[in-house]
Amino acid sequence: MGWSGASNRSEVESRLRRIGGQDDAEIDVAEAALLLAALDRPQLSLERYRHHLSLLTRDIAELGEREGAAHSLEVRIAVLRAVLVERYGYRGDSETYEDMVNANMMRVIDRRRGLPVALGILYLHGARAQGWAIAGLNFPGHFLLRLDLGAERAIIDPFNGGAPRDAAALRALLKSMTGADAELRPEHTQPVGCRDVLLRLQNNIKLRLVKEERPAEALAVLESMLMIAPDRAGLWREAGILHSHLDNMRAAILAFENFLELAGPAEPGRGDIAELLRQLRRQLN
């Protein structure tokens with residue numbers, strides 16, 4: 001089925017809002033990424049992209065069975081790399097890294113290039129379809145994946161061909177991303193859920209739009225993030241600020257009200273937002 005016209009966009013938005021109400025473990029991360037991409041490319045059908053995902057999972061399953069992936073973490077990594085990198089040619093886009101197409105899952109599949117988190121979603125999809133334990137990590141500045149099998153663990157880099165990364169490589173990567181004084185901490189290799197992976201994907205687009213001073217488009221991306229994570233106070237605060245910048249005062253008030261309702265009493269900036277909300281209400285009255 002194609003996604004063209006307002007009614008189909010409404011259907012995409014409806015599906016994303018349903019994802020917003022799902023438990024994290026129930027989220028199909030690749031399907032959700034395609035729906036987010038469809039907001040930006042409503043004229044295209046998702047069916048061929050879904051078919052491509054099914055081919056990935058089929059090929060991983062067949063090769064995994066042939067190579068004995070059921071009992072070997074090393075083999076699982078080799079299978080993922082053989083299918084995603086060698087067979088289908090997925091690579092990190094180092095040449096045009098800042099291009100926003102690298103975070104749109106439809107364009108990533110078209111080009112076989114993308115950001116670390118976009119490529120990571122393909123690894124997550126392919127591995128989980130086999131029942132393999134895999135998760136994205138809370139690593140700053142560069143999305144990584146962790147595979148587990150029994151007591152064994154391995155961290156791989158989807159941007160660089162799914163290559164394994166040991167502690168020394170992780171320290172070097174961290175310093176290259178955040179500065180020479182950065183130190184690797186346990187929270188950097190903690191797993192994150194599907195919703196956080198999707199938010200990280202969209203945040204890449206939002207930040208680039210903000211940098212390019214395109215606030216209306218950044219707000220549209222932020223609203224897509226709120227569809228899948230309506231209980232994240234920080235997103236409502238950002239939405240309120242962007243609405244205020246665009247003189248959407250009633251929308252800003254609603255966003256700030258949602259922020260204050262969701263935010264804990266110790267939330268940074270809570271008092272500032274409460275005062276800003278009072279000022280906006282006075283302006284309307």
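**Entry 1: Ile273**

I began with Ile273, which is buried, with a relative accessible area of 7%. I note here that the model is a predicted one. Ile273 has its place in helix α12, and I found that α12 runs over 270-284. I then asked which residues Ile273 is in contact with, leaving aside its neighbours within four places in sequence. The list reads Arg237, Phe256, Phe259 and Leu260. I also took a distance to Ser45, which is 228 residues away along the chain. The two C-alpha atoms are separated by 41 Å.

**Entry 2: helix α10**

I turned to α10, which covers residues 233-245. At 1.5 Å a residue, its 13 residues should span 18 Å, and I get 19 Å between the end C-alpha atoms, which agrees. I listed the buried residues of α10 as Ala233, Leu235, Trp236, Ala239, Gly240, Leu242, His243 and Ser244. What covers them? The cover includes α8, α9, α11 (249-262) and α12. After α10 comes Asp247, and I noted that its phi is positive, near 65 degrees.

**Entry 3: Ser244**

I looked at Ser244 on its own, since it is in α10 and on the buried list. Its relative accessible area is 18%, and the cut-off for buried is under 20%, so Ser244 counts as buried. A polar atom of the Ser244 side chain lies 2.9 Å from the backbone oxygen of Gly240. Gly240 is itself among the buried residues of α10. Leaving aside neighbours within four places in sequence, I have Ser244 in contact with Met249, Ala252, Phe256 and Leu280. Phe256 also appears among the contacts of Ile273. I checked Ala255 as well: it is eleven residues from Ser244 in sequence, and the C-alpha atoms are 9.9 Å apart.

**Entry 4: helix α9**

Is α9 largely enclosed or largely open? Ten of its 14 residues are buried, so I put α9 down as largely enclosed by the rest of the structure. The buried ones are Pro215, Ala218, Leu219, Val221, Leu222, Ser224, Met225, Leu226, Met227 and Ile228. On length, the 14 residues should span 20 Å at 1.5 Å a residue, and the end C-alpha atoms are 20 Å apart, which agrees.

**Entry 5: the largest pocket**

I looked up the largest pocket next and wrote down about 350 Å³ of space. Its lining consists of 18 residues, and those nearest the centre are Leu39, Asp40, Ile205, Leu209 and Val221. Val221 I had already listed as a buried residue of α9. Which helices each supply at least two residues of the lining? I have α2 (29-40), α8 (194-211) and α9 (215-228). By class, the lining holds ten nonpolar, three polar and five charged residues.

**Entry 6: Asp93**

My last entry is Asp93, which sits in the loop between β1 (91-92) and α5 (105-111). Is Asp93 buried or exposed? Asp93 is buried, with a relative accessible area of 3%. I then looked for polar contacts of its side chain. One goes to the side chain of Thr96 at 2.5 Å, and another to the side chain of Asn102 at 3.2 Å. Not counting residues up to four places away in sequence, I have Asp93 touching Asn102, Arg111, Arg113, Gly114 and Phe159. Asn102 therefore appears in my notes both as a polar contact of the Asp93 side chain and as a residue that Asp93 touches.

Technical notes. Residues numbered from 1 in each chain as written. Predicted model: local features only at pLDDT ≥ 70, side-chain atom pairs only at ≥ 80, totals over all residues. Heavy atoms only, no water. 1 Å grid on protein atoms, 1.4 Å probe; cavity = no way out; pocket = protein on both sides within 12 Å on 5 of 7 lines; lining within 4 Å. Points joined across faces, edges and corners; volume = space filled by probe spheres on them. Helix = DSSP H or I, 4+ residues; strand = E, 2+ residues; numbered from the N terminus. Nonpolar A, V, L, I, M, F, W, Y, C, P; charged D, E, K, R; others polar. Buried < 20%, exposed > 50% of the residue type's maximum accessible area, 1.4 Å probe, protein only. Polar contact = N/O pair within 3.5 Å; in protein donor to acceptor, adjacent residues only side chain to side chain. Contact = heavy atoms within 4.5 Å. Expected span 1.5 Å × (residues − 1).
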